[in-house]
Amino acid sequence: MGDAPGRRHVVDLGDMVLETGAALGVTLAYETWGTLSEACDNAILIEHALTGDSHVVGERGPGHSTPGWWEGLVGPGLAIDTDRYFVVCANVLGGCQGSTGPSSLDADGRAWGSRFPSVSIRDQVQAETLLADALGIARWELVIGGSMGGMRTLEWAVGWPDRVARAAVIATCAAATADQIAWAYPQLLAVRADPDFAGGDYYDKPQWPDAGLGLARRIAHTTYRAASDLEARFGRAPRLESTGTAQGFAVESYLDHHADKLVMRFDPNSYLVLTEAMNGHDVGRGRGGVDAALRRVTAATTVVAVSSDRLYLPEQSVALADRIAGAHLEIISSPAGHDGFLIDTARVGEVTSRLLARTT
């Protein structure tokens, strides 16, 4: 099975019953790189983070407002070698880049908006199992992802252990903590408090709740970078306006920039749905607790932490590695904070290469 690299596909996977009991018609947008072997035994699944999408590598272009978010990791001769592996990345269920989400149209041709059901990390992975079935992939050679992508990677390894040969669980946790939920709460409030939110039904309105989404992104991005990194890069340097006069601080301008970038490409309702899915993440739920759930993992597993991560603390990765049989722990030494797993692709590549070399 071959493909134009990075070409987006959309597949209708039919109705799926969510954890809540609601039925939802599911489509997933996905991209592929490389060629699936005749035995269908060389496939790798990459899981994106909260505001990511299926475009792991590649230039901007039709359907892609931004370049790939993990450049340098996937491609011919790279750690995830597309001359050897067939690589898949799907836009998550609940997202806004081609997969079924709040901005999708229902059977009556209306955007779901406020009526879109809540989805869990487990629901998102169930949808991906349907995609794997549609592609003829019974078992992944590797599932890899960071942050929210790490949650889905872990859920794959726990919920469908016979379908995962190797797992790279990066900068994430077994269950969302009170601290992580607390950081998410003002982000959710910021979107919903925007006067243009309209209860989530803003798609036919001239103005979307961009201010609320931008504020949510400013809060989130603060947790994605280490305090020492922000201090080293900006300190108390003033913000320079186009007139050359100082007003406020440079670090504020930095947060404004990232807010503006997200508002241009992301649906506020998807931000809510996916953030709440992350808040609900708990691999031990209904499985006898975290320890019992992690004993289900049979994949050769590498757990990766970023040394300066203040959102998903390194000790959470240590606890994961201690509880998964045979797991290896890798620490990426980076001053960047949580985003280090996206920035230091060379180090992630080294870790991934070692994992792919492990016998399963």
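## How α1 and α2 cross

Helices α1 and α2 sit roughly perpendicular to each other in this predicted model. Their axes come within 9 Å and cross at roughly 65 degrees, and angles of 65 to 115 degrees count as roughly perpendicular, which is why the pair gets that label. The crossing is right-handed. If you want to find the two helices in the viewer, α1 covers residues 121-135 and α2 covers residues 148-159.

Which residues of α1 and α2 meet? From α1 come I121, R122, Q124, V125, E128 and T129, while α2 brings M148, M151, R152, E155 and W156. Sorted by character, the residues of this contact divide into 5 nonpolar, 2 polar and 4 charged.

## E155 and its partner R287

One residue from that contact deserves a second look. E155, which meets α1 from its place in α2, also forms a salt bridge with R287. The closest N and O atoms of E155 and R287 are 2.5 Å apart. This pair links distant parts of the chain: R287 lies in the loop between α7 (268-279) and α8 (290-294), 132 residues away from E155.

Are E155 and R287 buried or exposed? Both E155 and R287 are buried.

## A network around R218 and D256

Side chains of opposite charge can pair when their charged atoms come close. How many salt bridges does the structure hold? The count is 21, and another of them joins D256 to R218, with an N to O distance of 2.8 Å. D256 belongs to helix α6 (residues 250-263) and R218 to helix α4 (residues 210-224), so this salt bridge ties together parts that are 38 residues apart in sequence.

R218 is partly exposed, at a relative accessible area of 25%. The D256 and R218 pair also has company: R239 and E252 join R218 and D256 in a network of salt bridges.

## From strand β12 to helix α11

A further salt bridge brings a strand into the picture. The side chains of E330 and R347 meet at 3.6 Å, N to O. E330 is in strand β12 (residues 328-332) and R347 is in helix α11 (residues 345-357). The two residues are 17 apart, and their pairing links distant parts of the chain.

E330 has a relative accessible area of 14%. Buried means under 20%, so E330 falls in the buried class.

How values were computed:
Residues are numbered from 1 along each chain as its sequence is written. This is a predicted model: local features need pLDDT of at least 70, side-chain atom pairs count only at pLDDT 80 or more; totals for chains, interfaces and linings use all residues. Side-chain values use heavy atoms; hydrogens and water are left out. Axes are lines fitted to C-alpha atoms, for helices over the stretch in contact, and angles run from 0 to 180 degrees between N-to-C directions. Helices (H or I, at least four residues) and strands (E, at least two) are DSSP runs, numbered from the N terminus. Angles under 35 degrees count as roughly parallel, over 145 as roughly antiparallel, 65 to 115 as roughly perpendicular and the rest as oblique. A crossing is left-handed if the near helix is turned anticlockwise from the far one by less than a right angle, and right-handed if clockwise. Contact means heavy atoms within 4.5 Å. Ala, Val, Leu, Ile, Met, Phe, Trp, Tyr, Cys and Pro count as nonpolar, Asp, Glu, Lys and Arg as charged, and the others, Gly among them, as polar. A salt bridge is a side-chain nitrogen of Lys or Arg within 4 Å of a carboxyl oxygen of Asp or Glu. Buried means under 20% relative accessible area, exposed over 50%, partly exposed in between (1.4 Å probe, protein chains only).
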